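User: Could you walk me through how the labels on this model are reached? I would like to see the reasoning behind each one.

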Amino acid sequence: QGQLAESGGGLVQAGGSARLSCVASSNIFRLAAKAWYRQAPGNQRELVAHITPDGGTNYADSVKGRFTISRDNAKNTVDLQMNSLKPEDTAVYYCNRGSISSDGTYHPIAWGRGTQVTVSS
């Protein structure tokens, strides 16, 4: 399936911005649906945003208007631009390759190892 490698995490002050990037080593990833998930300590992993093969996007209510997911098929990457960060955005963020069912539900298939984002108040 190849590997997914995230980068761009770190420590950010509340109100600041960060950009995560995920690059894949396999062409399977190139035209697939992609997503970013996150998992905070003690919480379940949650879907943050996904992007369809033709560029359609969907966001969790908690990040709408603040986060933007984008893809570059030529570079085989998917990025997550995060603005107006809040302490509750602190989590490990995971890149994902998946599929989308006919009702629009995103189904995860392959995962990266994750990158830590910590937002200080």
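Analyst: Gladly! Keep in mind that this is a predicted model. Where shall we start?

User: Why is Arg38 called buried?

Analyst: The relative accessible area of Arg38 is 5%, and buried means under 20%, so Arg38 earns the label. Arg38 lies in strand 4, residues 33–39.

User: What makes the pairing of Arg38 with Asp89 a polar contact?

Analyst: Their side chains come to 2.9 Å, and the cut-off for a pair of N or O atoms is within 3.5 Å. The side chain of Arg38 also makes a polar contact with that of Tyr93, at 3.0 Å. Beyond four places away in sequence, Arg38 touches residues including Gln44, Glu46, Phe67 and Val92.

User: How do you know that Ala33, also placed in strand 4, counts as buried?

Analyst: By the same kind of test: the relative accessibility of Ala33 is 3%, and the limit is under 20%, so Ala33 is buried. Among the residues it touches, leaving out those up to four places away in sequence, are Ile51, Arg71 and Tyr106.

User: Why are strand 1 and strand 7 said to stand at the edges?

Analyst: The open sheet has four strands in the order 1-3-8-7, with antiparallel pairing. Strand 1 (4–7) and strand 7 (67–72) each have a single partner strand, so one side of each has no neighbour in the sheet. From one strand to the next, the twist averages 15°.

User: What makes strand 1 and strand 3 a pair?

Analyst: Four bridges join strand 1 to strand 3 (residues 18–24), and pairing needs at least two, so they qualify. Ser7, for instance, has Ser21 in strand 3 as its bridge partner.

Notes. Residues are numbered from 1 along each chain as its sequence is written. This is a predicted model: local features need pLDDT of at least 70, side-chain atom pairs count only at pLDDT 80 or more; totals for chains, interfaces and linings use all residues. Side-chain values use heavy atoms; hydrogens and water are left out. Helices (H or I, at least four residues) and strands (E, at least two) are DSSP runs, numbered from the N terminus. Buried means under 20% relative accessible area, exposed over 50%, partly exposed in between (1.4 Å probe, protein chains only). A polar contact is a pair of N or O atoms within 3.5 Å; within protein, one must be able to donate a hydrogen and the other to accept it, and residues adjacent in sequence count only if both atoms are side-chain atoms. Contact means heavy atoms within 4.5 Å. Axes are lines fitted to C-alpha atoms, for helices over the stretch in contact, and angles run from 0 to 180 degrees between N-to-C directions.
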